[in-house]
Amino acid sequence: MTRLHRIQTVFASVILALILISPLSAQQLKIATLAPDGSSWMNALNEAAEAVEEQTDGRVSIRYYPGGVMGDASAIFRRMRLGQLNGGAFTLGDLVSISGAVNLYSLPFVFNGLEEIQALRPDYDPLILSALEEGGLVVPGISLGGFAYLFGREEFPEPEALDTDWRVWVQPDDLLSLETLQRLGVSPVPLPLAEVYTALQTGALNTFASTTSGAIILQWHTRARHMLDLPVLMTGGTIGFDPRSLSRLSGADREILLARFAETMQALEESNLAENAQARQALVSQGIQIDSPTSAQLETWRSEADSTLKDLLATDRIEIPHLDAMMKDLEALREAP
């Protein structure tokens, strides 16, 4: 081999190495969220992005698109498929189309309190994350947002007095809540999260379910006078990444990214739960009346939710993996001394 040939071979090898390495060198992940700038969610996500960039020596950076500028969850998923986005922040309800397993903690009127869900999470969080990854979304962890409660303009009546004048917000993919509300005789109104406030202003909605802090942050509480002190369902959120985008990162950088955002999800959960306790007092101070549920409300609403769930499962209209196992574990938990 001539000296010139050797030089050309070495040069070609270097160029090839650079081509192969470059996709793993510096990657910017584009992440969309409905959370507005200045919110606790965005502050935490910004801190996570800074930590990831620092710990990867700049090989991974994150650019956020906050405030819903990229659209709702369905628009974010579409942009991810097209390669315009690499991920997004979602509520658990947004992810039902990927796997019904996300409904495990969000079953209406099933759990008596947060402690029951927390006791189940070591076994069921990994199953939910695995199901989402199989569906094409890599999720580092779940951040519970606290229980949602019903808010309305009027005091909630006994079940037999409910009618279609009660226009209740539901998320578009939440078939379980929609069917339960229909059985109770009210009018469920499916709307994306971003459209709820306007609908409350115009009267298209007059009832909604939200955490106490969420009602204040989103200013929905200004359209309500009453809150029923009955946990409806557990809320939650997370950040999800397109696996194709993560495949362009080195294994070490991918591990840093997911570990850092898992820590952020946990920190956000702790913040969410603390903010809910403070928001409850704030609601009272702003004139919201918190009403205790009657025995008829408890019995009827839980019964209707249970029968709706069984019917939807029996007719294959919804699928909730691991539900039977979780309900058995919940029963055992309640029976334990």
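## A kink in helix α4

In this predicted model, helix α4 bends at arginine 121, where a kink of about 65° lies shortly before proline 122. The helix runs over residues 114-134, which makes 21 residues, and the distance from its first C-alpha to its last is 28 Å, close to the 30 Å expected at 1.5 Å a residue. Beyond the helix comes glycine 136, whose phi is positive, near 100°.

## What surrounds α4

Several residues of α4 are buried, among them Glu116, Ile117 and Leu120, together with Arg121, the residue at the kink. Tyr124, Asp125, Ile128, Ala131 and Leu132 are buried in α4 as well. The cover over these buried residues includes the strands β4 (143-152) and β8 (226-241), and also the helices α9 (251-285) and α11 (323-335).

Helix α11 holds aspartate 329, which, leaving aside its neighbours within four places in sequence, is in contact with Leu120 and Tyr124. Aspartate 329 has a relative accessible area of 33% and is therefore partly exposed. Its C-alpha atom is separated by 12 Å from that of phenylalanine 111, although the two residues are 218 residues apart along the chain.

## The pairing of α2 and α9

Helix α9, part of the cover of α4, also packs with helix α2 (residues 40-55), at an angle of about 155° and with their axes 10 Å apart. Because angles over 145 degrees count as roughly antiparallel, α2 and α9 are roughly antiparallel to each other, and their crossing is right-handed. The residues that meet include Trp41, Leu45 and Val52 from α2, and Ile256, Phe261 and Leu268 from α9.

How values were computed. Residues numbered from 1 in each chain as written. Predicted model: local features only at pLDDT ≥ 70, side-chain atom pairs only at ≥ 80, totals over all residues. Heavy atoms only, no water. Helix = DSSP H or I, 4+ residues; strand = E, 2+ residues; numbered from the N terminus. Expected span 1.5 Å × (residues − 1). Bend = angle between axes of the 7 residues up to and from the residue. Buried < 20%, exposed > 50% of the residue type's maximum accessible area, 1.4 Å probe, protein only. Contact = heavy atoms within 4.5 Å. Axes fitted to C-alpha atoms, helices over the stretch in contact; angles between N-to-C directions. Parallel < 35°, antiparallel > 145°, perpendicular 65-115°, else oblique. Left-handed = near helix turned anticlockwise from the far one by under 90°.
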